[in-house]
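Reader: Please give me a close look at one part, the sheet and what goes with it. Keep it brisk.

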Amino acid sequence: MDMRSREQYLESVRQEYRQASRKEKTRLLNEARRRTRLNRKVLIGKLAHPAAVKENNSRRRRGASYGPEVVTAMVKVWEIFDFPCGQRLVAVLGREVERLRKMGELRCSDAVAKKLRRISPKTVDRLLAREKQVRQLRRNRTPRMHPLLYQRVPVKVAADWDTRQVGNLQVDFVEHCGRSNGGQYLHTLSTVDIASSWWEGEVIASRGQQAVREAMEAIRQRAPFRIREIHPDNDSGLVNELLWKYCKDARIQMSRSRPYKKNDNAWIEQRNWTHVRKVVGYQRFDTTGEMQVLRELYRHLRLYKNFFQPAMKLQSKERVGGKIHRKYDQARTPYQRLLESGQLKASAERELRQTYEKLNVAQLRRQIEQLRNQLLALAEQKTSSVPSPRRGKLELSFGGADRRREWYRKRAAGQ
């Protein structure tokens with residue numbers, strides 16, 4: 001028995017209980033206790049006294065200040081001024097309502113015009129919400145981000161970096177979606193150290209927070225230096241609570257670039273082209289086999305790029321007339337820059353030298369080419385295995401034409 005049914009039952013028994021004898025009251029109490037499962041003393045209190053009358057404390061709702069006639073007139077002005085937002089429309093209403101009435105473009109009473117002049121921006125947006133939905137007006141683009149988290153992550157521009165300190169990484173995603181970004185596909189988490197140009201890449205199956213955290217941990221374990229700070233763009237796949245907590249636990253600082261300013265991530269944007277796109281191209285990779293080959297390819301590519309590919313760093317630039325003169329330092333590999341920095345531990349330097357002595361650059365190049373061809377072959381095999389609907393239709397029509405020609409040949413030969 002729910003509360004409402006219980007109260008209805010007690011209300012029907014109350015009058016009988018108050019007029020009953022002692023023996024009848026005992027019988028009614030036993031019956032009520034069996035039905036409602038309430039304590040006997042509680043039942044005595046409920047049945048011996050009338051039900052308390054609840055006072056109606058609900059506040060009387062205020063009538064609508066702005067009726068349909070106000071909304072109709074406001075929509076008319078809203079259309080004339082090209083659908084502005086509430087704050088802009090209020091500025092227009094206070095200045096243009098009377099002029100529109102004098103010109104005959106707006107027909108409304110003096111009371112409606114007075115309400116239009118005093119209406120607030122919040123009320124305008126609320127009254128026009130239904131009209132915006134009906135007209136299906138395009139909303140302004142709002143990035144999918146957690147505002148409180150983005151307020152905690154500081155913004156850094158290219159000029160704020162100390163290009164001599166090792167351990168500051170720029171991080172970015174490279175999507176392997178091909179011509180369509182529908183469905184699930186592989187991503188490359190690409191990182192580069194600003195001071196030494198040391199590059200690391202890790203392939204992940206999705207942009208989930210756990211996958212990004214595991215990829216960052218793998219890069220952290222492979223890096224020969226301590227990661228001091230990571231700097232992604234404003235991608236919500238990188239600026240998330242899990243990665244923020246991971247950086248806090250690992251004592252890694254985190255910053256981000258300005259929205260829609262790719263120059264803030266110039267170092268990693270350049271490596272996305274030279275280290276990823278030029279190697280694996282723009283094919284769509286979305287299978288487990290492709291993920292394994294791509295992961296093995298990055299294991300060899302990091303050695304080839306970091307130990308044997310020299311890179312130049314910009315020292316200064318000067319504009320002379322309409323031309324910019326740039327000065328670069330001597331080209332050195334990321335491996336050489338790390339050793340020259342003097343910021344590595346002795347054990348890390350020793351391990352780097354031992355790794356360099358074991359590597360055969362020619363064999364490394366052949367392995368990269370083999371893995372690259374294997375990866376592209378998997379992508380081509382996957383696309384060629386799906387027949388084209390148009391091609392199948394043409395083959396069927398050509399087959400019909402061949403059969404008709406054979407029929408006419410046999411008919412002419414009298415067969």
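Author: What follows goes from the sheet to its helices, then to a pocket and a cavity.

This is a predicted model, in which local features need pLDDT of at least 70 and side-chain atom pairs pLDDT 80 or more, while totals for chains, interfaces and linings use all residues. Residues are numbered from 1 along each chain as its sequence is written, and side-chain values use heavy atoms, without hydrogens or water.

Start with the sheet. It is open, has 5 strands in the order 3-2-1-4-5, and its pairing is mixed. Strands are DSSP runs of E, at least two residues; helices are runs of H or I, at least four; both are numbered from the N terminus. Pairing takes at least two DSSP bridges. Strand 3 (199–204) and strand 5 (253–254) are the edges, each pairing on one side only. Strand 4 (residues 229–231) runs parallel to strand 5, and 2 bridges join them. There, Glu229 stands opposite Gln253 of strand 5.

Now the helices. Helix 11 (residues 266–280) lies across strand 1 (168–176), strand 2 and strand 3, at about 40° to strand 1. Helix 12 (residues 288–308) also packs on the sheet. Helix 12 touches strand 1, strand 2 and strand 3 (contact: heavy atoms within 4.5 Å), and its direction makes about 180° with that of strand 3. Angles run from 0 to 180 degrees between N-to-C directions of axes fitted to C-alpha atoms.

Helix 11 leads on to the largest pocket. Helix 11 gives the largest share of that pocket's lining, 8 residues. Helix 12, strand 6 (314–320), strand 7 (323–328), helix 13 (334–341) and helix 15 (361–384) each give two or more. The lining has 39 residues; Ser197, Gln270, Arg271, Met312 and Lys313 lie nearest the centre. The pocket's volume is about 1,200 Å³. By class, the lining has 14 nonpolar, 11 polar and 14 charged residues. Charged means Asp, Glu, Lys and Arg; nonpolar means Ala, Val, Leu, Ile, Met, Phe, Trp, Tyr, Cys and Pro; the others are polar.

Strand 2 (residues 186–193) leads to the largest cavity, giving the most to its lining, with 3 residues. The whole structure has 1 cavity of 30 Å³ or more. About 30 Å³ of space lies inside. Its lining includes Leu169, Thr191, Val192, Asp193 and Trp198. The classes are 6 nonpolar, 1 polar and 2 charged.

On a 1 Å grid over the protein atoms alone, a cavity holds a 1.4 Å probe that cannot get out; a pocket is open, with protein on both sides within 12 Å along at least five of seven lines; lining residues have an atom within 4 Å of a point.

How values were computed: Points joined across faces, edges and corners; volume = space filled by probe spheres on them.
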